[in-house]
Amino acid sequence: MLTNHQLFLPGAVDDRGAVLALVGSGLFDTYVTYERPGTRWFAAGVLADVVMERERVRTAIGGRACSVELGSSPLRQLGEALASLGLPEYRAFGYLAFEAGHLVHGTGRLRSAGPPLAHLIVPEVEVRWNAAGTAVRGPSADLVRLVSDVLLTERELPELAATGVELSGGGSRELYERSVGQVLGVIRRGALRKAIVSRRVDVPFEVDLPRSYLLGLSLNTPARSFLMDVGGRRMAGFSPEVTAEVLPDGEVMTQPLAGTRPLRHLTEEDERLGDELAWDVKECYEHVISARLAHAEMREVCRHGSAAVRELMAVRRRGSVQHLASVVTGTLAPDRSPWDALAALFPSVTASGLPKRAALEAIADAEEGERELYGGVACVADSAGGLDAALVLRSIFQRGDETWLQAGAGIVPGSDPGTEFEETTSKLRSVAGGLVAMRDAAVAVAQGGRR
């Protein structure tokens, strides 16, 4: 990164409260916080932009702009666009939308007009928390000092209360079950083995996204979490799984989750449901075919013989649900980049289906509108060859005055539309239980008796 002013604050710091304070400081219009085990980043301001649109990739840095038409390897081009910025060292943060999968898999179903398919920023300011302490980097001593002042200010976390939202009303069950039936018809015709059918729930009040993120962290056990406002698209998420993690030494990992039961936080009941999940034929079939595809995709980009299933069908608890989880690892082939690994695994089989091209087509036919960020990835990538991409599920989405949630279920032979609807409701509760209304909106909801 082109940052020549740094400050290190040793010792433990409340990173969650600090993020809330930085977002509320008014210093930044654009920001991303991304949390993985042992590390959290807060990236803000824009030193450089890389945006993948429907037909081209745009870059902008220091008043210079460039645009390149997309070819047959759009995610490799995204990585090349980052490298073309000319920064000797960088770390980029942002997202890749679900519809980029139509480019990756050549479905021909991508709409010609719509929001960007990817947006990455190289930030002006980066704050990193780990066990050693807090590091701040920025382009000027004044800005680093302003950020540090926010970090060093003593604060108490606010008391946060959720506002309820209806997850099953407005004819949503009928519409969803109809979509599931449509996909089951495609499966019966033999063109498809599995597809994830999702539904959207609009939130009828103004949501305080940063505070909802803070409350959501206390209610969930995510593999990754993120909060961002990039290019006018905002989301807070508690990702249950990693689409792709690539280390600078070329080690690659993906973590498919498929197969679900509710998590009720009642010890004996949760144990019973977890055991039921582990032995349910339909759920195990759904998971195994997903893990098998993830392994095959890893073999495409990894050294011969290095792709392996390191863990198979463990039960992972994530917020209001528990899943069957596997871990697939490998070593990147010498002629492959981290973005090739992401392309091979994108979209996650657990957000699309298999075969992926047929699943993407079935989803486009069955669902109303584009998914946009849902089912894509939030990610951080660096000049050393590292890439960490979290599947965007269990998230709150905002654009303009709209706020919505979205969740899906894996449809396979033998799926029951009513049961799959209930599964989406269980998943939605992971996020819906943490929605914090803006103060004025909360008063209006309370006065209106809306729950």
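Visitor: Is C66 buried or exposed, or partly exposed?

Guide: Buried means under 20% relative accessible area, exposed over 50%, and partly exposed in between, with a 1.4 Å probe and protein chains only. C66 has a relative accessible area of 41%, so C66 is partly exposed. C284 counts as buried because its relative accessibility is 15%. Keep in mind that this is a predicted model, where local features need pLDDT of at least 70, side-chain atom pairs count only at pLDDT 80 or more, and totals for chains, interfaces and linings use all residues. Residues are numbered from 1 along each chain as its sequence is written, and side-chain values use heavy atoms, leaving out hydrogens and water.

Visitor: How many disulfides does a search of the whole structure find?

Guide: A disulfide is a pair of cysteine sulfur atoms within 2.5 Å. Searching the whole structure turns up 0 of them.

Visitor: Let's do strands. Which residues of β3 point one way, and which the other way?

Guide: Strands (E, at least two residues) and helices (H or I, at least four) are DSSP runs, numbered from the N terminus. Strand β3 spans residues 39-44, and 6 of its 6 residues are buried. T39, W41 and A43 point one way, while R40, F42 and A44 point the other way.

Visitor: And which strands does β3 pair with?

Guide: Two strands pair if DSSP finds at least two bridges between them. Strand β2 (residues 31-36) runs antiparallel to β3, joined by 6 bridges; E35 has R40 as its bridge partner. That hairpin has 2 residues between the strands, and G38 takes a positive phi near 90°. Strand β9 (residues 125-130) is also antiparallel to β3, with 5 bridges, and there A43 stands opposite E126.

Visitor: What is the order of the strands in the open sheet?

Guide: Read across its 11 strands, with antiparallel pairing: β1-β10-β9-β3-β2-β12-β13-β22-β23-β11-β19. The edge strands, β1 (5-10) and β19 (353-354), each pair on one side only. Helix α4 (residues 141-152) packs on this sheet, touching β1, β9 and β10 (133-138). Contact here means heavy atoms within 4.5 Å. The direction of α4 makes about 150° with that of β10; axes are lines fitted to C-alpha atoms, for helices over the stretch in contact, and angles run from 0 to 180 degrees between N-to-C directions.

Visitor: What about β22 and β23?

Guide: Strand β22 (residues 395-399) and strand β23 (residues 402-411) pair antiparallel over 4 bridges, with R399 opposite E402.
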